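Student: Please pick one part of this model and go over it closely, in one go. I'm after who touches whom, in plain bench language.

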Amino acid sequence: MDGLAVENTEAGWRPDEWDAANWLFTGDPDKDETAIWRCNSAGCHVAVRATRHLCRSCYEQFSESGLSREEFAKVGRRTLIRALPGERPPCSVEHDGLRCALEATNHGACTPHYAKWRYHRNCGKTGLELEAWLLAQAEPLPPGTPCRVGACAGSAHGRVPLCTYHRDRWRRHRLKVGMKGTVYEGLEQWARVQPPFLTGFQFSFVGLPDVLRHELLYALAERDKQRPTLSPVAMRLMVRGLAGVTSVAELTDKKLGDLGYLDRNCEAHWNDVVRLVRGAFDRFRGVDPLQKLFHILFSQVRGREGWQRSRLPFG
């Protein structure tokens with residue numbers, strides 16, 4: 001099915017949203033074909049699933065603000081707006097007009113400066129609080145190297161070529177699988193199948209088996225011709241539910257039945273994917289879809305008739 005999906009997938013599918021090199025979709029909330037919207041609170045970038053809705057954090061603050069919905073949407077009162085990797089403010093360390101080139105991650109400090117301050121404080125080398133230490137003793141750092149994970153906007157600032165987010169995930173992966181050796185062994189292979197930090201606007205196929213991700217891409221491109229409204233949230237749920245699956249075309253009916261989704265929108269997307277992939281596979285094998293549907297309906301009718309006869313009081 002892999003070659004079939006590749007040959008029949010329309011080239012350049014959603015070029016403004018689909019990053020083919022990294023198997024990453026970033027939904028545009030201004031496009032009618034993409035079912036995702038921005039939180040309806042001033043200054044908030046969080047994705048929501050319906051127009052003019054608030055994200056959970058903003059809704060909680062709106063409930064306590066005493067403002068009307070319209071007033072809150074204009075001014076907002078969110079005390080903390082989550083920043084994305086690559087979009088955080090710079091570290092506050094500055095000396096002789098030179099600013100630290102790394103992102104702030106902890107109370108205005110980049111990760112290396114925060115770690116160095118904690119080390120100095122624990123060793124008794126400084127009694128200053130973080131803010132005062134940053135002003136008095138910290139020296140600006142040069143830009144980090146790009147994170148090794150594809151499409152990640154974060155930067156690496158240590159020996160391991162990963163941003164803070166992916167370095168933590170790499171550490172937990174090594175502990176989980178009991179990896180030995182240096183921290184670099186296996187890193188490149190691991191990084192190649194890791195998605196960047198995903199927002200609510202995004203989903204990624206990079207960690208899926210090659211056949212499966214080509215099938216999904218083929219199905220989404222075909223689905224756009226019939227039902228051009230795609231939900232990134234539904235696709236995120238689908239990708240999560242496909243753990244352990246290598247191919248949609250090879251799934252048995254029982255396995256398909258076992259793949260249940262709690263989200264109704266995700267289930268609708270999944271039904272479309274199965275229909276399109278199986279239909280293409282049937283045509284490739286020379287199976288007439290209408291003839292196949294006739295056999296299914298005929299079997300269902302025969303089964304229903306047999307069940308009804310079994311309930312009659314006579315033979």
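**A close look at the packing around α9**

Tutor: Of the 315 residues in the protein chain, 37% count as buried (buried is under 20% relative accessible area, exposed is over 50% and partly exposed lies in between, with a 1.4 Å probe and protein chains only). Bear in mind that this is a predicted model, where local features need pLDDT of at least 70 and side-chain atom pairs pLDDT 80 or more, while totals for chains, interfaces and linings use all residues. Numbering runs from 1 along each chain as its sequence is written, and side-chain values use heavy atoms, without hydrogens or water.

The chain has 12 helices and nine strands (DSSP runs numbered from the N terminus: H or I of at least four residues for helices, E of at least two for strands). Take the contacts in the chain with a separation of 6 or more: 53% of them join residues 24 or more positions apart (a contact is heavy atoms within 4.5 Å).

Now zoom in on α9, which spans residues 232-241. Its buried residues are Pro232, Val233, Ala234, Met235, Met238 and Val239. What do they pack against? The partners are β2 (24-26), β9 (202-204), α8 (210-226) and α11.

Start with α11, residues 264-284. Two packed helices are described by the angle between their axes and the distance between the axes. For α9 and α11, the angle is about 70° and the axes are 8 Å apart (axes are fitted to C-alpha atoms over the stretch in contact, and angles run from 0 to 180 degrees between N-to-C directions). So α9 and α11 are roughly perpendicular (65 to 115 degrees; under 35 is roughly parallel, over 145 roughly antiparallel and the rest oblique). On the α9 side, Ala234, Met235, Leu237 and Met238 make the contact, and α11 brings Asn265, Cys266, His269, Trp270 and Val273. By class, that contact has seven nonpolar residues, two polar and no charged ones (Ala, Val, Leu, Ile, Met, Phe, Trp, Tyr, Cys and Pro are nonpolar, Asp, Glu, Lys and Arg charged, and the others, Gly among them, polar).

Next, see how α11 meets α8. These two pack at an angle of about 105°, with 9 Å between their axes, so α8 is roughly perpendicular to α11. From α8 come Glu215, Leu216, Tyr218, Ala219, Glu222, Arg223 and Gln226, while α11 supplies His269, Asp272, Val273, Arg275, Leu276, Val277, Ala280 and Arg283. In class terms, this contact of α8 with α11 splits into seven nonpolar, two polar and six charged residues.

The largest nonpolar core has 33 residues, and Phe205, Met238, Leu242 and Trp270 touch the most other members (a nonpolar core is buried Ala, Val, Leu, Ile, Met, Phe, Trp, Tyr and Cys joined through side-chain atoms within 4.5 Å). α8, α9 and α11 each put at least two residues into this core. Follow Phe205 outward: beyond its neighbours within four places in sequence, Phe205 contacts Trp18, Trp23, Arg213, Leu216, Leu217, Leu220, Met235 and Val239. There's also a second, separate core of 12 residues, with Cys100, Ala109, Leu130 and Ala138 among them.

While you're there, look at Gly207, in the loop between β9 and α8. Is Gly207 buried or exposed? Its relative accessibility is 53%, so Gly207 counts as exposed. Its C-alpha atom is 8.9 Å from that of Trp23, although the two residues are 184 apart along the chain.

Finally, go to the loop between α10 (253-258) and α11, where you'll find Asp263. With a relative accessible area of 16%, Asp263 is buried. A polar atom of the Asp263 side chain sits 2.9 Å from the backbone nitrogen of Asn265. Setting aside neighbours within four places in sequence, Asp263 contacts Arg49 and Leu237. That brings us back to where we started: Leu237 and Asn265 also belong to the contact between α9 and α11.

Technical notes
Polar contact = N/O pair within 3.5 Å; in protein donor to acceptor, adjacent residues only side chain to side chain.
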